[in-house]
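Q: I am new to this structure and would like a close look at one part of it. Could you take me through the sheet in chain C, and then show me what else is worth seeing around it?

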Amino acid sequence: MTEIKPEQGPMAPSDDSLFPTNQAVEGEIIAPEGSMVATVDDTHAAGLELKVRSQWSYARMRFFRHRLALIGLFGLVVIFSAGIFAGFIAPYTFEEIDLNNILQGPSHAHYFGTDALGRDEFTRVVWGIRTSMEVGVFVALVSTFVGLIIGAVAGYYGGWLDNLLMRFTDLVLTLPLLAVLLTATALLGQGSQWRVSLILVFFFWTGIARVVRGIFLSLREKEYVEAAKASGAGDARLMFRHILPNTLGPIVVNATLAVGTAILVEAALSFLGFGIKPPTPSLGVLVSEARANPEQWWLTVFPGLTIVAIVLCVNFVGDGLRDALDPTQRRMRA
Amino acid sequence: MLTYIVRRILYSIPVLFFSTFLSFIFVSYAGNPLAQLKQNPRFSPQTIENMTHQLHLDMPVIQRYFLWLQDVFTHKLGNSLYTGQALWPQITRTMGHTAQFIIISEVLALILGISIGIYSAIRQYSVFDYVFTSISFLGFAMPTFWLALLLQIAFTDIFLHYNIRIFYTSGLNSLPGGPAWSWDRMQHLALPIATLCIISFALYSRYMRASMLDVINSDYVRTARAKGVSEWRVIMRHVFRNALIPITTVAALNFGALLGGAIVTETIFSLDGIGFFFIQSLATLDLYAVMAYLLITAIAVVVFNLIADIAYGFLDPRIRYD
Amino acid sequence: MHRRVWFLAAAVVAVLGLTGSAAAVTAGKSSSTAQSLHAAPFATAMANIPRTPAARAAKKTMVFGLEQTVTGFNLGNADQNAFYAAIVAGTPVIRGTYIINTKGKYLLDMASKVKATKKSLTIKIKKNANWNWLGHKPKPVTAADYIYTWKIITDPTSNVASAVGYSNIARAKAHGKKSVTFFWKKGQAFADYRDLFGYVYPGFALKGQKFNDYWHNCVCGNDGHPISNGPFYMSSYTQGQGMVLKKNPKWYGKKARLNSIAFKIITDTNSEIQAMRGGEVDAITPSPESALSTLVHQKNLVYSAVPSFTQEHWDIEVGPGGAPLLKKLYVRAAIARGMNRPSLIKALYGGIAPGLKPLNNTFYEFGSPAGGKFAYFKKYDFNPKKAIAGLKSHGCTGGPSSPDKNNSKVWTCGGQKTEFHFDTTTRQSRVQSSQIFKQQLMAIGIKINVGIHDPADFFGTILPNANFDIGEYAWIGGPDPSGFDAIYQCYNAAKNLGGSNYKRYCNKKVDKLIKKGEANFNSRKRTAQYQTAAKITSNEIAVIPLYAPPQIFVYKRALQGASKSNNPTSEGPTWNLQSWHWGS
């Protein structure tokens, strides 16, 4: 029974990038005319250059020709370094209360203005970037890892194990994120970002698990796997050495896009009051606090724009990676 | 096909069972719903004892779960633990409101998304294409709550400065209990619909564009063109219909997910919908209300997933379900 | 192939059409439940209320914005005992013996005379006090109603919010129809008798109903028709959206000047503000949020903010569950002196309640008994230098020598650091105040680590288990000081004493004073006893009282008779709803 399901999780199908990249070139071998098969030694002996490019270098080439991805990458570098070096570039501390300067608009002293307690909004946004970044990267990495393991095991072994794991996946998909978060808050104390991250991981791994499982299912019947098996390779070796590399493309893309989705979900949760609790500045918390002061536009606009910028850049990069790493891509005009 | 449907439904039942069981345990442990009563320094301990007993809080969790399950079938989801009122009328009322604005926004998003996706694919790499793909990217990156807040602030400003009320920024009607299909209601729903529409539109237009491109580059389309069929006929007869197939799946899944209530949108615009109902029930730890919501949305997700798969199999003759 | 697509499209349209019409039907449906009690559909009632203020004035009606959905109108029921339900179903519809005015004074309302002694409580009901039960002949309010009320509240199966006072009554005796005497149990005379019977139930109309079940969707008799002994009756209600009150022509007081009032539920404060500015509603009583500052100076609106009867305070745990250092008075004194309460109040409420002052009395919150010479807590006013001096003189070391905004040194007293946990709920004002106080206390060398919790967790686990160092939250009080008894009594679970004393403060002298005051019917002596208790609890810093959050009432200037409406007691701003009318 094959069920064909569209890919869950971060959406956006392939063939979607805005800019055409050049036709993928499989390899450049400069060989003397007439020879059928040129080995490395032959060509060296003939004093000619042999440029054999690996799959990865072609991927890299394709990526760098993708203009939007480059913009995204640049944007991410800027924003993420702002987050990493928050302590250095922030002119104030994010807890510094100045009751004489509440709700001031953007100015020289306060680039993004101040909030209801006189705290510098720019500082809070920068620290918020750091928090969001930590959540996004952690969730993406760990959920990808978990999803990979589960998907690999399900796809490789098939049968009842596959069935069980897939039903478990269905179960996780129907569980309510908010209820789990609320309970965790009640049982374990306040909403620290790490706890929120762990719970998000619990809900995020399903997407990658499905994709990995699909790849494993389709590849385990292939001849080269059978051949490897026949020559005595164990399960683990088969999974990791032979099948796994084929999943790396979708995994990398999925992980990148998951960063963006995780940041959006965390922001929404913090906004609703179920995620990271104040006073830890997360971008969602900043927008939520701004609701009480709708006339002070800078409190709503700046944190929101930052979220949009981060997710946009992440999506650009993810799109570029998808183009670069998909070996079946054909970029031809109609 | 029928056996496939039946098998899927049968598989869903234990999944629903486990999911509601786990959710029940989660919310039960989230806290004591009677805690709020203690904010009155003169609270009556007798009442707390009564209510502990009435809400079965003195029984083990598993037993309480089966009592709830019993209530679901015998009492139509039972009564709210907070107000003692029947839940089913509340669920139908709020679901009606949510369904109203979700259906409108999804239909709009589909129409817009599909048409723009088609045009983008036909005129690939044109200015039109660039502009709308950028808008799609932006739509994906925009947090729902931020978009909703911006719209709310923008239209509030317009009203306060120019004294013209274009769209309302909260509530379902100007006066409570107003009619569901009136100009007043549409003025109130315009902004929530716009919020949901922009984000869904991004999804549909990108999917449509991509699947159009997939089909446009396929062999049978080339054949049609080679045969001399006009471009318009090629698009309409061959490309469009085949490209539509993946969209039905995405639309069904998206709709199923949205039926859980566009929680954030409803909270910001104070709409009496099922998402808002859920948030309020969570705040008061009204276990039965929360479970009613979870059950309904879980069923909706399962049903729409099934619809998505069936539609896909129905439309694409290459897919065969055994 | 294409046939399948059309077929599917048709199926989708059919489903959409079905769901759409279902939405239309359910959205317009009234909230009538299977229960026999229900009011007429709200929609038809609201259709008659005009949309513009001028038209409303012509029709003698108005729209009032409510900020929270209401869960029921039985104000005695624990579940439904909410401020917004009281605005609608309290004094406008169901009245009692006394009514409390804006100054906290108890005025006789339904009773013509009340006599209370150590032995008994006698209430004489006004001759013309009656019940208007639509569809029935008017019936007078009788002693039987009072006795029914007492019985139903002390019934162990009734989920009452509080039976305090009612459970002190041993038996009742009716003298004819209009007079009733309640006899106290031995040694349990209840001096706060004026808070009893503020809400009287019409027993005859509720036959066959259980206390926990009635008045969820209406204020009505057991046949579903509205009932009232006040200036209005509830003519319709739609859950989640609002209700309508109509003038009761048979009320015994001065007849209402408005014909009807619609209450619209608007849960979002920003939307409420807009609705007020835009003329969608004519009056609101919002919870304090800084966004309200835009309404303060509107020409066509009157803005009123008065301190409510709620005590926002810090509980400092002196029992075994708290930090050992907090048991020492000098540490608590230093904490109190390091807190700049006026500055906090200005930051949080400056824009919306300009004159709000800190609370300085631990039992009284309002008016003359709370200020002047009774402002006992003033000795612990903001004085960071004295705070530091106090710590130093008790041998603490390692802290700053003078108050410093950028200080990071923490005192060590008797081998322990002055570093404490601070817990509070997620409410925005509390999150903000925790940050402000944290900074103020760090300036004098006391570090607090803030923990934010959900209300269910905070009130359900953290407080009752007395497992905290410092907690900030609010108690709802009233004009009578005995409302706070359970907060200061020595905790004794077996005797049901001090049930709300989470901080485990215990002073036998205070206990004695409270016990005497509870049973003292001489109001002058009683006040003296409670003030002595207030003095002791202030000196010992049993709590750090912060402020009373403002109660805000905004209404259209053209609405007359509402100038004295902002009532900070449980009566709410609709306590004189019958005198509101449209003027020029």
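A: Here is a walk through the sheet, followed by a core, a helix pair and a single residue. Please keep in mind that this is a predicted model.

Let's start with the sheet. In chain C, 7 strands form an open sheet, and their order across it is E11-E12-E13-E1-E14-E23-E15. The pairing in this sheet is mixed. Its edges are strand E11 (232-238) and strand E15 (301-307) of chain C, each of which pairs on one side only. Against the sheet packs helix H6 of chain C, residues 269-278. This helix touches E1, strand E14 (283-284), E15 and strand E23 (550-556) of chain C. The direction of H6 makes about 160 degrees with that of E1(C).

Now look at one pair of strands. Strand E1 (residues 61-66) and strand E13 (residues 260-265) of chain C run parallel, joined by 6 bridges. As a place to look along this pair, C:Thr61 stands opposite C:Ser260 in E13(C). In general, the strands of a sheet pair through backbone hydrogen bonds, either parallel or antiparallel.

From the sheet, we can turn to the largest nonpolar core. Of its 336 residues, A:Ala262, B:Val290, B:Ala292, C:Ala89 and C:Val219 touch the most other members. The helix that gives the most to this core is H12 of chain B (residues 287-315), with 19 residues. For B:Val290, leaving aside neighbours within four places in sequence, the contacts are A:Ala179, B:Val27, B:Phe278, B:Ser281 and B:Leu282.

Chain A offers a pair of helices to compare. Helix H5 (residues 121-157) and helix H12 (residues 297-325) of chain A pack at an angle of about 30 degrees, and their axes are 11 Å apart. Angles under 35 degrees count as roughly parallel, so H5(A) and H12(A) are roughly parallel to each other. Their crossing is right-handed. Where they meet, H5(A) brings residues including A:Glu121, A:Val125 and A:Gly128, while H12(A) brings residues including A:Trp298, A:Leu299 and A:Phe302.

Last, here is a single residue to find in chain B. B:Met51 is in helix H2 (residues 45-54) of chain B. B:Met51 has 18 other C-beta atoms within 10 Å, so this residue is partly exposed. Not counting residues up to four places away in sequence, B:Met51 touches B:Leu34 and C:Asn159. B:Met51 and B:Leu81 are 30 residues apart in sequence, and their C-alpha atoms are 9.5 Å apart in space.

Definitions and conventions
Residues are numbered from 1 along each chain as its sequence is written. Chains are lettered from A and ligands numbered from 1 in the order in which they are written. This is a predicted model: local features need pLDDT of at least 70, side-chain atom pairs count only at pLDDT 80 or more; totals for chains, interfaces and linings use all residues. Two strands pair if DSSP finds at least two bridges between them. Helices (H or I, at least four residues) and strands (E, at least two) are DSSP runs, numbered from the N terminus. Two residues are in contact if their C-beta atoms, placed from the backbone, lie within 7 Å. Axes are lines fitted to C-alpha atoms, for helices over the stretch in contact, and angles run from 0 to 180 degrees between N-to-C directions. A nonpolar core is a set of buried Ala, Val, Leu, Ile, Met, Phe, Trp, Tyr and Cys residues joined through C-beta atoms within 7 Å. A residue is buried if 20 or more other C-beta atoms lie within 10 Å of its own, exposed if 12 or fewer, and partly exposed in between; C-beta atoms are placed from the backbone. Angles under 35 degrees count as roughly parallel, over 145 as roughly antiparallel, 65 to 115 as roughly perpendicular and the rest as oblique. A crossing is left-handed if the near helix is turned anticlockwise from the far one by less than a right angle, and right-handed if clockwise.
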